[in-house]
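Grab the structure, turn it around a little, and work through these exercises. Each one has a task and then a solution that goes step by step.

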Amino acid sequence: MLWDTIKNSLSSSLSESEYSLWIRPLSCVQEDDKTLQIACPDRFFCAWVKERYLGLIESNLSKIIDSPPAVSLTVSSHQPAPQQEKNGSGQLRLPGMDTFKSTIRSLHPAYTFDQFLVGESNMLARSACNAIAAADYTFGNNLFMTSGTGLGKSHLTQAVVHQVMHNAPRTRMHYLTAQQFSAEMVKSIRSNSMQQFSNRFIHGCDLLLVEDVHTLAGKTKTQEELNNVLDYLIKSGKRVIMTSSIPARDIKGLDEDFRSRMTSGLITDIEAPEYKTRVSIIRHKAAHSNLNLAEEHVHYLADQLQGDIRRIESALMGIKAKASVYNAPPDMDIVRSVLEGFGNLQQQKQLNGRMIRDIISSQYRISVEDLTSRSRKRIVSFPRQIAMYLTRKYTGESLAHIGNLYNRDHSTVMYAVKVINRDIAQKNTVRQQVEILKDKLQK
Ligand SMILES: Nc1ncnc2c1ncn2[C@@H]1O[C@H](COP(=O)(O)OP(=O)(O)OP(=O)(O)O)[C@@H](O)[C@H]1O
């Protein structure tokens, strides 16, 4: 009862997506007239709810009860049971019917949800993948995930495969790259077995995961075939995840029908991890490889290595190797000498929020005072939103930090990023302006 009342009031104070994402999956395991025990689906979820929503839940509870609120969060002890055939395939198999086995390209054993560090930059992608793995349709049944290189697309995609193999081993999964799909299709055409090829993906698939779909640019026949497969799978409620290093709207040489089908579900962009997440990634990866790094080194690396997480991994390997050659714990000299090998550090370091603010100020001929003022005039608010969007995209600065540069809070930055993303998708003028500014920043 208490929990229902609190949920009702949260549903009116939070946005629909926030409510569905973070509150709906919670369940109340115990309540009396002054305490609530709430179960979250997993550890990550628990930590997130604790940080973001526990205060809100407690303040709602204190409005209903007289004593100080006592809310505890636990991880649900109810692990999803391995899915049965019915959940896995969505169809019963009759004797004699083709059983279509899964095809799974090789998996990295560490690309699991547990090993994936979460921050604002990848939170939505992680939650959506988790939902798809659990056959939970909160985010729909198909997902298009984009990011720059080394930001976790393959890691998350493989985490889904690992989890499904563990929890619902009878699910018929096809996990492959777009190039592999294309090569297999060509082989089938040559061997006159296109019908079997189509059947395997259309009738023998509960979960399709295709990586690097941007490589299909210009491959008309493969696009046509994959389009048919997607059409069937999406309409029949099967699950699909696709990844691309380029946003779908920017992939050249794509059939428009195919582009629109690929992006008919949730589109999520993983951004470069913000400073706090980089620190967690460095700590986690160092601990995993038995590398003892002082906090000073962790923060130095987080400051220097923005973007591509492979660079962090490579730096840690280098530090470990050098430390073992010198038979000494890593010190700042070792850390620095390893980073010297990462050529464009300097360039990355130069690009920061202040610099972007100055560029926007000169491009739009608006003073920094106006950009940081309370003015909501379009002539000021639009460049400000563009500046926030570009800072988010091209630096690892946190939402709060970017907000500070403009005397705003983190939610204003989130809103700006959302508005500009939407405008880029819908308005040519905005897309062109952003392209021109991106060029300037890259120079
Ligand atoms: N959030 C994260 N937490 C921990 N490790 C991560 C995270 N994101 C990425 N990584 C690690 O970074 C490396 C690169 O990630 P991944 O291969 O998934 O990137 P990608 O986006 O698929 O890149 P590409 O587009 O180049 O294929 C992997 O070793 C992965 O484990």
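Of this protein's 443 residues, 34% count as buried. Keep in mind that the model is predicted.

**Exercise 1. Get the overall layout.**
Find out how many helices and strands the protein has, and what share of the contacts with a separation of 6 or more comes from residues 24 or more positions apart.

*Solution.* Start with the secondary structure: there are 22 helices and 9 strands. Next, take the contacts with a separation of 6 or more; residues 24 or more positions apart make up 73% of them.

**Exercise 2. Walk around the ligand.**
Work out which residues are closest to the ligand, and which helices each supply at least two residues of the shell.

*Solution.* Step one: count the shell, which has 18 residues, with Thr149, Gly152, Ser154, His155 and Ile309 the closest. Step two: look for helices, and you'll find that H7 (153-167) and H14 (309-326) each give at least two shell residues. Step three: check the domains, where domain 2 (98-270) and domain 3 (275-349) each contribute at least three residues to the shell. Step four: sort the shell by type, which gives 6 nonpolar, 9 polar and 3 charged residues.

**Exercise 3. Compare two annotated residues.**
The unreviewed UniProt entry lists Gly150, Gly152, Lys153 and Ser154 under "binding site". Decide for Lys153 and for Ser154 whether the residue is buried or partly exposed.

*Solution.* First, place them: Lys153 is in helix H7, and Ser154 is in helix H7 too. Now count neighbours, using the cut-off of 20 or more other C-beta atoms within 10 Å for a buried residue. Lys153 has 24 C-beta neighbours inside 10 Å, so Lys153 is buried. Ser154 is partly exposed because 17 other C-beta atoms lie within 10 Å. Finally, list the contacts, skipping neighbours within four places in sequence. Lys153 then contacts Met145, Ser147, Thr243 and Ile270, while Ser154 contacts Tyr111 and Glu211.

**Exercise 4. Explore the nonpolar cores.**
Find which residues touch the most other members of the largest nonpolar core.

*Solution.* Here's a bit of background: in soluble globular proteins, nonpolar side chains tend to be buried together. In this model the largest nonpolar core has 63 residues, and Val160 and Leu209 touch the most other members. Helix H6 (residues 123-133) provides the largest share of this core, 6 residues. Domain 2 (98-270) and domain 3 (275-349) each add at least three residues to this core. Zoom in on Val160: leaving out residues up to four places away in sequence, Val160 touches Cys129, Ile132, Ala133, Leu209 and Ile241. There's also a second, separate core of 18 residues, with Leu390, Leu399, Ala416 and Ile420 among them.

**Exercise 5. Hunt for positive phi.**
Say where Ala135 and Asn290 lie, and whether Ala135 and Asn290 are buried or exposed.

*Solution.* Begin with the rule of thumb: most residues other than glycine have a negative phi. Ala135 has a positive phi near 55° and isn't a glycine. Asn290, not a glycine either, has a positive phi of about 55°. Now the locations: Ala135 sits in the loop between H6 and strand S5 (142-147), whereas Asn290 sits in the loop between helix H12 (275-288) and helix H13 (295-304). Last, the burial: Ala135 is buried because 20 other C-beta atoms lie within 10 Å. Asn290 has 7 C-beta neighbours inside 10 Å, so Asn290 is exposed.

**Exercise 6. Trace residues that are far apart in sequence.**
Find the C-alpha separation of Ser76 and Asp42, and that of Ile424 and Arg249.

*Solution.* Take Ser76, in the loop between strand S3 (70-75) and helix H5 (85-89). Its C-alpha atom is 6.7 Å from that of Asp42, although the two are 34 residues apart along the chain. Not counting residues up to four places away, Ser76 touches Ala39, Cys40 and Pro41. Then move to Ile424, in helix H21 (residues 410-426). The C-alpha atoms of Ile424 and Arg249 are 9.5 Å apart, with their positions 175 residues apart along the chain. Ile424 also touches Val430, Arg431 and Val434, again not counting residues up to four places away in sequence.

Methods:
Residues numbered from 1 in each chain as written. Predicted model: local features only at pLDDT ≥ 70, side-chain atom pairs only at ≥ 80, totals over all residues. Helix = DSSP H or I, 4+ residues; strand = E, 2+ residues; numbered from the N terminus. Buried ≥ 20, exposed ≤ 12 C-beta atoms within 10 Å, placed from the backbone. Contact = placed C-beta atoms within 7 Å. Near = placed C-beta within 6 Å. Nonpolar A, V, L, I, M, F, W, Y, C, P; charged D, E, K, R; others polar. Domains from an automatic or database assignment. UniProt positions renumbered as here; feature names shortened; annotations may be inferred. Core = buried A, V, L, I, M, F, W, Y, C linked by C-beta atoms within 7 Å.
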